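Student: Hi! Could you walk me through this structure before I head back to the bench?

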Amino acid sequence: MRSNLLVILSDEHQARAMGCAGHPFVKTPHLDALAARGTRFTDAYTPSPICVPARASFATGQYAHQNRLWDNAMPYHGQIPGWGHCLQKAGVPVESIGKLHYRKVGDPAGFDREHIPMHVAGGVGMVWGSIRAESERVSPQPRMLGEYIGPGSSKYTDYDRAVTGRAEEWLADHAEDDRPWCLYVGLVAPHFPLVVPQEFFDLYPPESLPAPKMNPKDGYVRHPWVELQNAQMDSDAAFTSDAERRDAVAAYYGLVSWMDHNVGRIMVALDAAGMADTTTVIYSSDHGDNLGARGLWGKSNLYQESVSVPLIMAGPDVPVDTCNTAVDLLDISATIPAHFGLEFECAGQPLMDIAAQAENRDRVIFSEYHAVGAVSAAYMLRKGRFKLNTYIGFAPELFDLVADPEEATNLASNPAYADVMTELTSELHKIVDPQATNAQAFADQAALIEYHGGKDAALKLGAPGATPPPTT
């Protein structure tokens, strides 16, 4: 008999920020416990380091250049059949609770029922972010990270509390189900605004936290593409003081522990319903967060802090181990139908298959970015110990993640790595035509802006920062 499947996806959880991942002080006891009874994938990535495209890729099992859902104004609404539709067609009960970041309530997005879903603002999303040409874009107001940073409550913490409560109720109500089900739960923490309940903020005294690495104020020079992107919002410059920056780091880590607390509540409810031994659990996040590294906040670039995500799977027949083969969210897309014995055309592979095979350090992983602030397309290609960041119109970056896990030394122009550059560039072109895809993204975004009435109208569409949650 096949087990149930519970998929929990948080928002903006940096892969390193877990005790089980070796972080020196972040407290995630419930995720650590989940990892201790299952498999932690040590090298997982997002297909696009921003919410809506990442989630559209997750839904469809396709990269952004395949589904052409490029940015936060191009949400998924069922236009491409996804894993949810695959389950529905086979009669597998499939429901969601919480953040989806698809288009709007009522769309046939692959769920039998969506409980308190969060979708893009106004059903259109961040259209102002589709204006990417450096000469035309404007900075959003108020500041992206939120007006207040520190201990307290926000609409997001209230929403996560409601999502967790609804998940507890759902599990209790389905304790006697005789058919295996799939439940997706979407939590928003640790996504900004950087406000967290006092007890979780207090876990991380700001004065005790290390300063973010590679601060431009200390002489670090950002890549020119990144510098131009950051200029649109420059969250670091919006802080009122160094003390507020430290509070931001404390609040982020506090939100990680707050999210972990809610995952723990869901795990307790699963056990109380008598389904802990008959349910496979997958935990991941849509992308990471820079958290001040390189003077950057939020996500939206190709460095590990932004593009790498946590990924844990536990349940019946899941080995207790770590898997060092590189994976991504599209592998979860493939895993969900495969869990129920279903075929689903997808760019990923089932995680169980990957974990059961010999470790493959050369598995190629790809990510791309065509969204807010990007003056051109950016592509990441990971193979083995090396990672290539390609920027249309700009010099590339090459990092040896074994010798240089902090990505401090760009090897792209080093003659000793010319063969590596050739190999990874060739692998990139097997997946995508970089120039043609860059042109397609800009053309699709131009058409979207024209559809909404031109630049002036587009600048008024979409939340300036965090998407408003629904009324719960």
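Tutor: Happy to; we'll go through strands, then cavities and a pocket, then salt bridges, and please keep in mind that this is a predicted model.

Student: Great, strands then. Are the residues of β11 buried or exposed?

Tutor: Buried, on both faces of the strand. Leu311 and Met313 point to one side, and Ile312 and Ala314 to the other. Each of these counts as buried because its relative accessible area is under 20%.

Student: And which way does β2 run against β11?

Tutor: Antiparallel, with three bridges joining β2, residues 38–41, to β11. Within that pairing, arginine 40 has isoleucine 312 as its bridge partner.

Student: How many bridges does β9 make with β11?

Tutor: Four, and β9 (residues 279–285) is also antiparallel to β11. There, valine 281 is bridged to alanine 314.

Student: What about β10, where does that sit in its sheet?

Tutor: It belongs to an open sheet of three strands, ordered β10-β3-β13, with mixed pairing. β10 and β13 are the edge strands, each pairing on one side only. β3, which covers residues 44–45, makes two bridges to β10 in the antiparallel sense, and alanine 44 is opposite valine 309 there.

Student: Switching topic: how many cavities of 30 Å³ or more are there?

Tutor: Two. The largest has a volume of about 410 Å³. It is lined by 32 residues, and those closest to its centre are Met144, Met233, Lys299, Ser300 and Val372.

Student: Which element gives the most to that lining?

Tutor: That's α7, with three residues. By class, the lining of the largest cavity has 17 nonpolar, 13 polar and two charged residues.

Student: And how much space is in the second largest cavity?

Tutor: About 40 Å³. Helix α4, residues 83–89, provides the largest share of its lining, namely three residues. Among the lining residues are Tyr76, Trp83, His85 and Phe111. That lining divides into six nonpolar and four polar residues, with no charged ones.

Student: Now the largest pocket. What is its volume?

Tutor: About 560 Å³ for the largest pocket. Of its 27 lining residues, Thr42, Asp43, Gln304, Arg382 and Leu401 are the closest to the centre. β2, β10 and β15 are the elements that give two or more residues to this lining.

Student: How many charged residues line the largest pocket?

Tutor: Nine, together with twelve nonpolar and six polar residues.

Student: Speaking of charges, how many salt bridges are there in the whole structure?

Tutor: The search finds 28. In one of them, glutamate 406 pairs with lysine 213, and their closest N and O atoms are 2.5 Å apart. These partners are 193 residues apart, with glutamate 406 in the loop between β17 and α12 and lysine 213 in the loop between α6 and α7.

Student: Which residue is the salt-bridge partner of arginine 222?

Tutor: Glutamate 227, with the closest N and O atoms 2.9 Å apart. Arginine 222 is buried, at 14% relative accessible area, whereas glutamate 227 is partly exposed at 37%.

Student: Do those pairs get any bigger picture? Which residues make up a shared network?

Tutor: Arg16, Lys213, Arg294, Glu305, Lys387, Glu406 and Glu407 are joined into one network by salt bridges that share partners.

Note on methods: Residues numbered from 1 in each chain as written. Predicted model: local features only at pLDDT ≥ 70, side-chain atom pairs only at ≥ 80, totals over all residues. Heavy atoms only, no water. Buried < 20%, exposed > 50% of the residue type's maximum accessible area, 1.4 Å probe, protein only. Pairing = 2+ DSSP bridges. 1 Å grid on protein atoms, 1.4 Å probe; cavity = no way out; pocket = protein on both sides within 12 Å on 5 of 7 lines; lining within 4 Å. Points joined across faces, edges and corners; volume = space filled by probe spheres on them. Nonpolar A, V, L, I, M, F, W, Y, C, P; charged D, E, K, R; others polar. Salt bridge = Lys/Arg side-chain N within 4 Å of Asp/Glu carboxyl O.
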